[in-house]
Amino acid sequence: MSITSKLAALSVTYPYQVVRSRIQNDAQAAMFPTIPATIKRTWALEGTRGFFRGLGTNLVRVLPGTGITFVVYENIAWLLRTTAKERERRAQLLNDV
């Protein structure tokens, strides 16, 4: 589920990342001076594909970490819940004695 949600989020927000990186690139400052100019030029020269350039590489880089983070989080949450229940059980046994 974590990887699926990250995939959806990256697919929706990736065009913003492309525009942002093109504006921040000093070598392309004359070609992409403003946000509207960057959007227009990218659309005119490359179409929809231009806004998703590099998405596959980014997914390969980001998705494994996202999956690992989710697994670690779930395991730690399970461990904490289990430990809390065990402490509660032990406290109840001590109170009953």
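**Exercise 1. Contact range and overall form**

Task: Determine what share of the contacts with a separation of 6 or more joins residues 24 or more positions apart in the protein chain, and establish how spread out the chain is.

Solution.
Step 1. In this predicted model, 60% of the contacts in the protein chain with a separation of 6 or more are made by residues 24 or more positions apart.
Step 2. The secondary structure consists of four helices and zero strands, and the pattern along the sequence reads α-α-α-α.
Step 3. The radius of gyration is 24 Å, whereas the globule rule gives 13 Å for 97 residues; the chain is therefore more spread out than a compact globule.
Step 4. The box filled by the C-alpha atoms, taken along the principal axes, is roughly 80 × 20 × 20 Å.
Step 5. Turning to the surface, the protein chain exposes about 7600 Å², of which carbon and sulfur atoms supply 64%. Of the 97 residues, 22% are buried.

**Exercise 2. The largest nonpolar core**

Task: Identify which residues make up the largest nonpolar core and which elements give two or more residues to this core.

Solution.
Step 1. The core has seven residues in all: L10, Y14, V18, L55, L59, V62 and L63.
Step 2. Two elements give two or more residues to this core, namely α1 (2–24) and α4 (55–96).
Step 3. Helix α4 provides the largest share, four residues.
Step 4. For one core member, Y14, consider the contacts beyond four places in sequence: Y14 touches F51, F52, R53, G54, L55 and N58.
Step 5. One of these partners, G54, is found in the loop between α3 (48–51) and α4. At 36% relative accessibility, G54 counts as partly exposed, because that class lies between the limits of 20% and 50%.
Step 6. As a distance check on G54, its C-alpha atom is separated by 37 Å from that of W78, 24 residues apart along the chain.

**Exercise 3. A salt-bridge network**

Task: Find which residues are linked in a network of salt bridges, and assign each of them as buried, partly exposed or exposed.

Solution.
Step 1. The structure holds four salt bridges. One of them pairs R22 with E46, with the closest N and O atoms 3.0 Å apart.
Step 2. This pair links distant parts of the chain, since R22 is in helix α1 and E46 is in helix α2 (residues 35–46), 24 residues apart.
Step 3. E46 also forms a salt bridge with R53, where the closest N and O atoms are 2.6 Å apart.
Step 4. R22, E46 and R53 are thus members of one network of salt bridges.
Step 5. R22 has a relative accessible area of 11% and is therefore buried. E46, at 26%, counts as partly exposed, and R53, at 53%, counts as exposed.

**Exercise 4. A salt bridge within one helix**

Task: State how far apart the closest N and O atoms of E86 and R89 are, and explain why about one helical turn separates these residues.

Solution.
Step 1. E86 and R89 form a salt bridge in which the closest N and O atoms are 2.5 Å apart.
Step 2. E86 and R89 are three residues apart in helix α4, so about one helical turn separates them.
Step 3. E86 is partly exposed, with a relative accessible area of 28%. R89 is also partly exposed, with a value of 44%.

**Exercise 5. A loop residue and a surface patch**

Task: Decide whether F32 is buried or exposed, and name the residues that form a nonpolar patch on the surface.

Solution.
Step 1. F32 is placed in the loop between α1 and α2.
Step 2. Its relative accessibility is 3%, so F32 counts as buried.
Step 3. Leaving aside residues up to four places away in sequence, F32 touches R22, I23, T38, R41 and T42.
Step 4. For T42, 10 residues from F32 along the chain, the separation of the two C-alpha atoms is 8.9 Å.
Step 5. The surface patch is formed by I68, V72, I76 and L80, which together have about 390 Å² of accessible area.
Step 6. Within this patch, L80 lies in helix α4. Its relative accessible area is 56%, and L80 is therefore exposed.

Definitions and conventions:
Residues are numbered from 1 along each chain as its sequence is written. This is a predicted model: local features need pLDDT of at least 70, side-chain atom pairs count only at pLDDT 80 or more; totals for chains, interfaces and linings use all residues. Side-chain values use heavy atoms; hydrogens and water are left out. A nonpolar core is a set of buried Ala, Val, Leu, Ile, Met, Phe, Trp, Tyr and Cys residues joined through side-chain atoms within 4.5 Å. Buried means under 20% relative accessible area, exposed over 50%, partly exposed in between (1.4 Å probe, protein chains only). Contact means heavy atoms within 4.5 Å. Patches are made of residues with over 30% relative accessible area and no salt bridge: like charges are joined within 9 Å, nonpolar side chains (Val, Leu, Ile, Met, Phe, Trp, Tyr) within 5 Å. Accessible areas come from the Shrake-Rupley method with a 1.4 Å probe; for residues, only the protein chains shown count as cover. A salt bridge is a side-chain nitrogen of Lys or Arg within 4 Å of a carboxyl oxygen of Asp or Glu. The radius of gyration is taken over C-alpha atoms; the globule rule is 2.2 Å times the number of residues to the power 0.38.
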